[in-house]
Amino acid sequence: MGAWNDGKYSHIIGYGIGQYYENTKAELSKYLKLDYLFDRKWEESDKKEYDGIALVRRSDLIKFQNALVIVFTGNTWIYHSIQSDLNDLKGIDHIHVDEIIGRNICLTGKMLREEFPDGIYEDGRNNKIYFDRSLSDKLMVLFQGSNNVLHIRKNVLIENLRIRFGNHGICSIDENTEIIGAEFYVADAKIQIGKDCLFGNQVILRTHDAHHIFDMETHQRMNHSKDIVVGDNVWITSHVTLLGGAGIGTGSVVGTNAVTSSSFGNHVIVAGVPAKIIRENICWSRDDTEYFNRSCLEECVWQNALKYL
């Protein structure tokens, strides 16, 4: 719907009452008050209210005129399903909660450079981005929550990078790193990437699992978020997944399709699922094997490895 004005509506109804509602309701309350709540799971229930707010059924929605429905969901396909449902109801407008509270705005490198020429972005939920003017257009940043910080230093080359923050995440990418294609998921932990690194295609860094896992006996959480640290001059090849707790030492290489949450030292090659060390005491060059057939490091055009030995 875009712009909205709750003053023109006689009734305001919340639709889709689950995790997303619980996560956003406090922030929404700064803007408006919900008159009713609706969710399909209550269609056959005798429940009369939730969270101190009266419940309505779908049959009740038909009776409303001049009503605004606010949709709470973090899943695109569920939102499309709800939109289809609401489009059949006349006299009712709808909007996603994110459009009201200003959440989930996708920031691109181009947008950041054009709208924040001083290299600092900050929003009302204490999310911050510090960036150099060399920032690539192909960066995409999505803030799901609050209190996150992103640092991108100078001359970071990005062909395709999407960073999705939850809450209390920190991500830093140091200078002269090149990222061909990657997705970072950061919440309650940090991703730290050093200088002169190279990331291949379809690389995933995730500080957290998508859902909680608990011990059966103690009911205590087992899978808390953990940091990911990538040293200087590291080559992460294609289809690699680094999970919370992963550490890749300076001058090291991670082989194609590797998956790990372990920490490794400097100048090693790690590969496999789960990844393990397959070679020690190595260094590498960005010279392309399709073009060159070098015999020793000193013949290479790209000799940055020498400063890390």
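N281 lies in the segment after β27. This is a predicted model. Phi of N281 is near 55 degrees, a positive value in a residue other than glycine. N281 is exposed, with a relative accessible area of 75%.

**Backbone outliers**

A second non-glycine residue, H219, also carries a positive phi, here about 60 degrees. H219 belongs to the loop between β19 (203-206) and β20 (228-230). Its relative accessible area is 59%, so H219 is exposed by the cut-off of over 50%.

| Residue | Phi | Relative accessible area |
|---|---|---|
| H219 | about 60 degrees | 59% |
| N281 | near 55 degrees | 75% |

There is also a cis peptide bond. It joins V273 and P274, with omega at about -5 degrees. P274 sits in the loop between β26 (268-271) and β27 (276-280).

**Two open sheets**

One open sheet has seven strands, in the order β7-β10-β13-β16-β19-β22-β25. Its pairing is mixed. β7 (106-108) and β25 (259-260) stand at the edges. Each has a single partner strand, so one side of each has no neighbour in the sheet. Within this sheet, β10 (residues 139-143) runs parallel to β13 (residues 161-165), and five bridges join them. F143 has F165 as its bridge partner in β13.

Another open sheet also has seven strands, ordered β8-β9-β11-β14-β17-β20-β23. Here too the pairing is mixed. The edge strands are β8 (120-122) and β23 (247-248). Each of these pairs with a single strand, so one of its sides is left without a neighbour in the sheet. Strand β14 (residues 170-173) and strand β17 (residues 190-193) are parallel and joined by four bridges. In β17, I193 stands opposite I173.

**Helix α3**

Helix α3 spans residues 76-87, twelve residues in total. From first C-alpha to last, α3 reaches 16 Å, close to the 16 Å expected at 1.5 Å a residue. Which residues of α3 are buried? They are Y79, I82, D85 and L86. Seen down the axis of α3, the buried residues fall within an arc of 120 degrees, so they line one face of the helix. The general geometry fits this reading: an α-helix has 3.6 residues a turn, so residues three or four places apart point the same way. On the other side of α3, T76, W77 and N87 are exposed.

What covers the buried residues of α3? The cover includes three strands, β1 (11-15), β5 (67-71) and β6 (92-96). It also includes the helices α2 (58-61) and α4 (97-101).

**The largest pocket**

The largest pocket holds about 1,200 Å³ of space. It is lined by 35 residues. Which of them are closest to its centre? Those are Q19, Y20, Q144, A210 and H211. The elements that give two or more residues to the lining are α1 (19-28), α3, β13 and β16 (182-186). α1 gives the most, with three residues.

Several elements described above meet at this pocket. Helix α3, with its buried face, is among the contributors of two or more lining residues. So is β13, the strand that five bridges join to β10. β16 also contributes, and β16 follows β13 in the strand order of its sheet.

Methods. Residues numbered from 1 in each chain as written. Predicted model: local features only at pLDDT ≥ 70, side-chain atom pairs only at ≥ 80, totals over all residues. Heavy atoms only, no water. Expected span 1.5 Å × (residues − 1). Buried < 20%, exposed > 50% of the residue type's maximum accessible area, 1.4 Å probe, protein only. Arc of directions from axis to C-beta. Contact = heavy atoms within 4.5 Å. Pairing = 2+ DSSP bridges. 1 Å grid on protein atoms, 1.4 Å probe; cavity = no way out; pocket = protein on both sides within 12 Å on 5 of 7 lines; lining within 4 Å. Points joined across faces, edges and corners; volume = space filled by probe spheres on them.
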